[in-house]
Amino acid sequence: MIWKHARRQAILIDGDRRSSVFMAQSRLSILGVCFALGYLLVMVRLLDLAVVQNEALFQEPLNAAVARAQDIKSLTPRRGDIYDRHGFLLATTLKTPSLFVDPSLVFDEASLIASLVKIIPDLNRSKMSSVVQGKNRFGWIAHNITPAQQQAVLEIGDPSLGFKYEYKRVYPQGSLFAHLVGYTDRDGLGLAGIERGYDDVLSAGEDVHLSLDLRLQHVVRRELGTAMEEFTAKAGSGIILDVHTGEVLAGVSLPDFDLNAAGDAEDREIFNRLTLGVYELGSMFKIFSTAALLELHNVPMSKTFDARKPLKIGRFTISDYHAKKRVLTIPEVFMYSSNIGSALMGQMIGGKALRAFYADLGLLDAMRFDIREIGRPIVPKIWRKSTTLTASYGHGLATTPLQMSAAVASIVNGGMAVHPVLIKVDEGAIAQTDVRVISEETSEKMRKLLRLVVTKGTGRNADVKGYALGGKTGTAEKSVGGYYRRDKLISSFVGAFPMDNPRYVLMVMVDEPHGNKKSYGYATAGWVAAPAVKRILTSMASILGLPADKYDADNDMAVSLEPYIHDKKKKKIGEKSLVSY
Amino acid sequence: MRGIILKYIVVSALVIVSGAMLMDVSHHVQRAERDIKRLDREIAREEESIRVLKAEWAYLNNPVRLEALAAGYVDLISPEAAQLISDMSVIPDNDPQSSIFIPKRSPLHRDISYDASSPKPIQATYPTKNTNNTVPSHTTGGAR
């Protein structure tokens, strides 16, 4: 009975067990699958991290670790470097040691100070002892010392001394790029030049590549310096501009200063005469008034202007410096730089049109540029009838030299407006603007006129055989205290070459030159600035590898203008100057 | 019973072995991390010295300095504009149309040219010394 019962029981249990075992098994296998899936997920993720995302994940922390290893306690990235267009270094940031003292650990104050002064000569002893006696456990002794000085301090072995590392801005080219690169304060905040204009880019750690060419910059600076020395001038500036991209290839303002010691520079050295200083550049404006005449009025080159006697208008008397005392054609007005002729041209153009033309060339407003030191041109507030006459030869209008060279670039490059830039333009980039200032034909006529000035006119001293340089001189009297002074001049020359298809605009401006024996006492542009441009062009040609063309006087661009020039001695037939290599 | 004991022995041996392996791996990782830190420091130091050297190189290449050195130590002057040439074909040496026969410069070719059995007579001379001198070595410029 019992057995029977038990058996039934067993059968019962067996049935229960079977079903519950079956249930547990299925639950287990579900769980097992879940776990397997979980592990699979982990494995896939591991594979993903270790193999697929390896680069992205492990590069980043490495950089961070490198940054940490620099042991500079600063969250801001290292300031970006500044390079010239060919990658020469113009400004960089180096990690330099700064020396501090913990006064509580100082054992022998006098000997410590004595040995430190021996290593760092410009330490102030009294200031030093007040730091060493200080209550704080920290006092600066010297910022940014050299590695050699650091080594010497380490050799003292004084436990109270320690180093913290700080960034220091270093300018390997010294004063060569003083005004355009600019400088920073000790905390790395840009105060001038590109350092200021591109402060946000540089402080984010990005490098900046400028349009400047180190070699051309040096040439311009050297030749401008030579001209200033030769004519005992006060100051000067010089530019080389690419007429298509508007890139400033060289930009110099003299006197300049060493960027590594910008704090010691004098005001007259810091002043940027290229973009901030505004000057009456005189006859250069004849380029624009002549272009306006040719553009707005359909006049032939043979059109004449009576320059026999000085022009009187109101209290002004307009007279010529290189007076010819006869009736002049347009090329003659331009090549002899006749004020009377240009004033008459201005009269013909009319005040409103002339003003609008100058404005189109960007001569009447402060220009936009990559640095912030920009001068605002001085323009007559009320544009009278007499203003039109004087403005046509540049009297009473003051602009920055950079602005002037950009306007000339717009005239010679075929008539498209040029905006100067200081940041390198990628090669093959499309043309900067499509704003047309003058027509192609007017540009061509102007190029011939500019070439004529160099072959036959006031700019003869700038001529280099084989390079079709064209240009215009500008000699202006400086206005001092409201009076124009005959003895204080601004002599400048703006040139472009090669004139059949200009690529570069060169400009040199010399402030208050004095005549010397070699120039027969003259301090005018033709004697001061034109030879400087010639020397710059010669050096530039060998640097950039621009070979001279075979020079043929009979095929010169300006030859077509010769019929309009009154020539006393007729040219001998067969006189042909040929310059070969 | 023996089966169970055996099982335990095997399992605990596995635990010990895997534990030891884990220790070893973690030790390796720690050492690798130390190495990374050291290498990072070395990289940073090297990078810093590269920057210093670059700055010094730029300083030594300052054109004012180079010009002064060249004036003192080099027997050359800046080329005149007329000395520059744009393409090498101007030099008769390289001009295939040139009527002047000039032997090739390389020694191998020179031997062939001067071979007595060569039907071509040797008419002309080497380019004069002057021609050699007018070839500036830096028509494309360079840091000057």
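**Entry 1: a strand pair**

I began with strand 6 of chain A, which pairs with strand 14 (residues 504-511) of chain A in the antiparallel sense over 8 bridges. Within this pair I found A:Ser237 opposite A:Met509, the latter in strand 14 of chain A. I note here that the model is a predicted one.

**Entry 2: the sheet around the pair**

I then asked in what order the strands of this sheet run. I read the order 7-6-14-13-12 in chain A, an open sheet of 5 strands with antiparallel pairing. Which strands are at the edges? I listed strand 7 (248-254) and strand 12 (470-480) of chain A, each of which pairs on one side only. I also noted the turn between neighbouring strands of this sheet, which is 10° on average, direction ignored.

**Entry 3: helices across the sheet**

I looked for helices that lie across these strands. I found helix 17 (residues 440-455) of chain A lying across strand 12 and strand 13 (483-497) of chain A. Its direction is at about 75° to strand 12 of chain A. I also found helix 18 (residues 525-544) of chain A, which lies across strand 12, strand 13 and strand 14 of chain A. I wrote down about 25° for helix 18 against strand 13 of chain A.

**Entry 4: helix 9 against helix 18**

I recorded two things for each helix pair, because two packed helices are described by the angle between their axes and the distance between the axes. For helix 9 (residues 214-230) and helix 18 of chain A, the axes come within 9 Å and cross at roughly 155°. The cut-off for roughly antiparallel is over 145 degrees, so I entered helix 9 of chain A as roughly antiparallel to helix 18 of chain A. I marked this crossing of helix 9 and helix 18 of chain A as right-handed.

Which residues meet here? On the side of helix 9 of chain A I listed several, including A:Arg215, A:Leu216, A:Val219 and A:Glu223. Among those they meet in helix 18 of chain A are A:Val528, A:Ala532, A:Arg535 and A:Ile543.

**Entry 5: helix 11 against helix 17**

I did the same for helix 11 (residues 285-296) and helix 17 of chain A, whose axes come within 10 Å and cross at roughly 140°. That makes helix 11 of chain A oblique to helix 17 of chain A. I noted the crossing of helix 11 and helix 17 of chain A as right-handed. From helix 11 of chain A, A:Ile287, A:Thr290, A:Ala291, A:Leu294 and A:Glu295 meet A:Thr442, A:Lys445, A:Met446 and A:Leu449 of helix 17 of chain A.

**Entry 6: helix 13**

How many residues of helix 13 (residues 339-349) of chain A are buried? I found 9 of 11, so helix 13 of chain A is largely enclosed by the rest of the structure. The buried residues include A:Asn339, A:Ile340, A:Leu344, A:Met345 and A:Ile349. Just after helix 13 of chain A, I saw that A:Gly350 takes a positive phi of about 95°.

**Entry 7: confidence**

I looked up the mean pLDDT of chain A, which is 84, with 89% of its residues at 70 or more. Among the elements of chain A, strand 6 (residues 235-242) has the highest mean pLDDT (94), and strand 16 (residues 578-579) the lowest (33). I noted that the pLDDT is below 50 over residues 569-581 of chain A. Beyond near neighbours in sequence, this stretch has 12 contacts in the model.

**Entry 8: chain B**

I turned last to chain B, where I found 4 helices and 0 strands. Along the sequence, chain B has the pattern α-α-α-α. Of its 144 residues, 3% count as buried.

Technical notes. Residues numbered from 1 in each chain as written. Chains lettered and ligands numbered in written order. Predicted model: local features only at pLDDT ≥ 70, side-chain atom pairs only at ≥ 80, totals over all residues. pLDDT = per-residue confidence, 0-100. Helix = DSSP H or I, 4+ residues; strand = E, 2+ residues; numbered from the N terminus. Contact = placed C-beta atoms within 7 Å. Buried ≥ 20, exposed ≤ 12 C-beta atoms within 10 Å, placed from the backbone. Pairing = 2+ DSSP bridges. Axes fitted to C-alpha atoms, helices over the stretch in contact; angles between N-to-C directions. Parallel < 35°, antiparallel > 145°, perpendicular 65-115°, else oblique. Left-handed = near helix turned anticlockwise from the far one by under 90°.
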